[in-house]
Amino acid sequence: MSIAVKKKITKTPQYWLNSINRISTSFNMASRDIGAILNILTKKLKEELGVFAVAIWTVEEKTNFMKIEASAGISAGYLRYFNQTDRIRAGKGLVGKVMSGRKTLHTLNPKNEKLIDITRWRQAMLDEGFVATISAPMFVGKKTVGAFSVYYKDHIPL
């Protein structure tokens, strides 16, 4: 009888440099349509990171509302909810606080996370099956222009 041993695969710095190079090349070779570029980027990042979903959030300057500009692995219903039905203002919810606070935030338990301060947003995350998320701000110079979020459904690599 043979026992299968699950070997932990360690990704070397060379692996990550090659991954970044592939992403950069596809980003530079893409069309000039920023939406198309961002969709290619999120798909490649989702694959390389080995996560369930990736989203790039932006903020509309006139309204201060956030929206998911590009994503991979996010359901159409989740996109529609946060982009049309119940928009998040910068400063509210976990991703909104990332934008306003200019620092990376995460939760390993959306069900009890105090940073997710609106019950219906918490429920949307739970309904989607997310068990953890991490969001980091995106800058252009000193200006915060968005947030990059990674979502996990069933396992979090530590």
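In the description that follows, Ala, Val, Leu, Ile, Met, Phe, Trp, Tyr, Cys and Pro are counted as nonpolar, Asp, Glu, Lys and Arg as charged, and the others, Gly among them, as polar. With these classes applied to the predicted model, the lining of the largest cavity divides into 10 nonpolar residues and 4 polar residues, with no charged residue represented. A search of the whole structure returns 1 cavity of 30 Å³ or more, and the space in the largest cavity comes to about 140 Å³. Of the 14 residues that line the largest cavity, those that lie nearest its centre are Tyr-78, Ile-88, Leu-94, Val-95 and Met-125.

The lining of the largest cavity draws on both helices and strands, since at least two residues are supplied by each of α3 (76–85), α4 (93–101), α5 (119–128), β5 (132–140) and β6 (143–152). Helix α4 provides the largest share of this lining, with 3 residues.

Strand β6, one of the contributors to the lining of the largest cavity, is also a pairing partner of strand β1, to which it is joined by 6 bridges in an antiparallel arrangement. Within this pairing, Val-54 has Val-150 of β6 as its bridge partner. Strand β1 is likewise joined by 6 bridges to β2, and these two strands also run antiparallel; here Thr-58 stands opposite Lys-67 of β2. The hairpin formed by β1 and β2 has 5 residues between the strands, and in this hairpin Asn-64 adopts a positive phi near 70°.

Strand β1, which spans residues 53–59, is largely enclosed by the rest of the structure, because 7 of its 7 residues are buried. The burial extends to both faces of the strand, with Ala-53, Ala-55, Trp-57 and Val-59 buried on one side and Val-54, Ile-56 and Thr-58 buried on the other.

In strand β2, which covers residues 65–72, attention may be given to Ser-71. The relative accessible area of Ser-71 is 13%, and this residue is therefore classed as buried, the cut-off for that class being under 20%. When neighbours within four places in sequence are left aside, the residues in contact with Ser-71 are Asn-39, Thr-42, Val-54, Ala-55 and Leu-79. Two of these contacts, Val-54 and Ala-55, belong to β1, where they are buried on opposite sides of the strand.

Terms used:
Residues are numbered from 1 along each chain as its sequence is written. This is a predicted model: local features need pLDDT of at least 70, side-chain atom pairs count only at pLDDT 80 or more; totals for chains, interfaces and linings use all residues. Side-chain values use heavy atoms; hydrogens and water are left out. Helices (H or I, at least four residues) and strands (E, at least two) are DSSP runs, numbered from the N terminus. Buried means under 20% relative accessible area, exposed over 50%, partly exposed in between (1.4 Å probe, protein chains only). Contact means heavy atoms within 4.5 Å. On a 1 Å grid over the protein atoms alone, a cavity is a set of points where a 1.4 Å probe fits but cannot get out, and a pocket is an open set with protein on both sides within 12 Å along at least five of seven lines; lining residues have an atom within 4 Å of a point. Grid points are joined across faces, edges and corners, and a volume is the space filled by probe spheres set on the points. Two strands pair if DSSP finds at least two bridges between them.
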